[in-house]
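Biologist: I'd like to see how each label here was earned. Could you set every value against its definition as we go?

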Amino acid sequence: MVRPSRKTTSVNGGISRRALLLGGAVALGSLGLAGCSRVDTSAAEDGGDLLDRLRSQGVVRLGIASEVPYSYIDKDSGKLTGQAPAIAEEIFGRLGVDSFQPVLTEFGSLIPGLRVGQFDVVAAGMWITPERCAQVIFSDPDYVAKDAFIVAEGNPLGLESYTDIAETGATVATGPGWFQRDYAIGNGVAPGKIGTLPDQLAGLTAVRQGRIDAFFGTAPTMVSAARNTAGVEATEPFTPVVDGEEQIGAGGFAFSPTETRLRDAFNAELHEMKESGQLLEIVSPFGFTEEDMTDLTAEELCDA
């Protein structure tokens with residue numbers, strides 16, 4: 001996929017941006033994920049004061065969920081790293097906040113934790129969906145991602161898509177709260193046949209031990225987990241299709257609904273980094289490429 005310019009109206013090989021987004025909404029709507037209005041920000045007084053407080057204290061608390069390559073604690077150095085923290089470091093540095101405090105939690109606890117103030121921003125590559133937009137506000141996305149599977153070396157069942165899983169009756173699992181579960185269901189995989197494991201490392205281990213045939217999630221996560229690991233491999237990344245419509249997954253940073261001023265300041269820096277090419281430079285060490293860049297907006301994704 002060639003990164004579309006701001007003047008183009010198509011992504012992913014000529015499918016119109018609007019058609020792609022609407023198609024995804026229709027498909028996911030059949031699974032109960034559409035129909036959510038955006039969160040009401042009218043109660044925000046002057047856009048919130050969190051940005052001023054962060055500048056004053058010099059530290060921002062980042063909610064993460066330990067998912068490679070998005071955000072995680074490096075096992076060797078013990079330090080926060082990943083695509084999202086790397087972006088946050090640059091943007092918050094530009095905004096006058098130079099220190100970071102990672103707050104590790106389960107993925108499903110990120111939005112509840114943000115809403116009760118356990119951390120200041122979710123920096124976990126979280127996909128922007130209408131359902132989530134009804135609870136928090138998002139930056140514009142900093143990446144798009146396809147899906148992939150972790151399978152046994154040689155891919156003995158020939159699993160390349162969710163349809164293959166349904167047709168072969170493969171034993172599979174995914175992560176908690178991951179939208180890939182809905183994509184699988186939308187392709188005929190029975191809900192009761194899809195296990196849930198805490199993260200990609202647990203999924204990889206289950207595949208290696210033969211307890212499941214495949215573990216699925218976003219391609220960057222699956223490829224990173226399987227790289228240089230004996231006995232397993234990642235399948236070729238693919239764009240999921242539900243009800244004949246391609247599903248686009250795009251992730252960004254989540255903020256409290258009252259903090260529109262911080263979100264807008266964050267977006268301004270993010271857009272500048274996109275235009276200059278600096279964003280790609282920052283995320284490329286984590287396996288992201290030109291193909292993963294996007295001009296989609298949070299508004300488009302929230303209203304899909």
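Biologist: What makes Leu50, Leu51 and Leu54 in helix α2 count as buried?

Modeller: Buried means a relative accessible area under 20%, exposed means over 50%, and partly exposed is in between (1.4 Å probe, protein chains only). Leu50, Leu51 and Leu54 are in the buried class, so each has under 20%. This is a predicted model, so local features need pLDDT of at least 70 and side-chain atom pairs count only at pLDDT 80 or more, while totals for chains, interfaces and linings use all residues. Residues are numbered from 1 along each chain as its sequence is written, and side-chain values use heavy atoms, with hydrogens and water left out.

Biologist: Why is α2 called a helix, and which residues does it span?

Modeller: A helix is a DSSP run of H or I with at least four residues, a strand is a run of E with at least two, and both are numbered from the N terminus. α2 runs over residues 50-57, so the run meets the minimum of four. Under these rules the chain has 12 helices and 17 strands.

Biologist: How do you know on which side of α2 the buried leucines sit?

Modeller: Their arc around the axis is only 100°, which puts them on the same side of α2. That arc is taken from the directions from the helix axis to the C-beta atoms. In general, an α-helix has 3.6 residues a turn, so residues three or four places apart point the same way. The cover over the buried residues of α2 includes β3, α3 and α10 (260-276), and just after the helix Gly58 has a positive phi of about 75°.

Biologist: What makes phi worth a remark at Ser66 and Asn228?

Modeller: Most residues other than glycine have a negative phi, and most peptide bonds are trans. Ser66 has a phi near 55°, and Asn228 has one near 60°. Ser66 sits in the loop between β3 and β4, while Asn228 is in the loop between α9 (219-226) and β14 (232-234). That β3-β4 loop also holds Pro69, which is joined to Val68 by a cis peptide bond with omega about 5°.

Biologist: Buried, partly exposed or exposed: why does each of Ser66 and Asn228 get its label?

Modeller: Ser66 is at 29% relative accessibility, in the middle range, so it is partly exposed. Asn228 reaches 78%, above the cut-off for the top class, so it is exposed.

Biologist: And which class does Val283 belong to, and why?

Modeller: Val283 has 1% relative accessibility and therefore counts as buried. It lies in helix α11 (residues 278-283). Contact means heavy atoms within 4.5 Å, and beyond four places in sequence Val283 makes contacts with Gln83, Ile87, Phe288 and Met293.

Biologist: What makes a group of residues a nonpolar core, and how many residues has the largest one?

Modeller: A core is a set of buried Ala, Val, Leu, Ile, Met, Phe, Trp, Tyr and Cys residues joined through side-chain atoms within 4.5 Å. The largest one has 52 residues, with Phe92, Phe149, Ile165 and Phe253 making the most contacts inside it. Helix α3 (residues 83-94) is its main contributor, giving 6 residues. Another core of 37 residues lies apart from it and includes Val103 and Cys302.

Biologist: Why is the space beside Val68 and Tyr72 called a pocket, and how many residues line it?

Modeller: On a 1 Å grid over the protein atoms alone, a pocket is an open set of points where a 1.4 Å probe fits, with protein on both sides within 12 Å along at least five of seven lines; lining residues have an atom within 4 Å of a point. This one is the largest pocket, and 16 residues line it, with Val68, Tyr72, Lys75, Leu201 and Ser224 nearest its centre. β4, α8 (200-208) and α9 each give two or more residues to the lining. Its volume is about 460 Å³, the space filled by probe spheres set on points joined across faces, edges and corners.

Biologist: And what does the second largest pocket look like by the same rules?

Modeller: It holds about 230 Å³ of space. It has 14 lining residues, with Ala219, Pro220, Pro237, Gly287 and Asp292 closest to its centre. α9 supplies the largest share of that lining, 4 residues.
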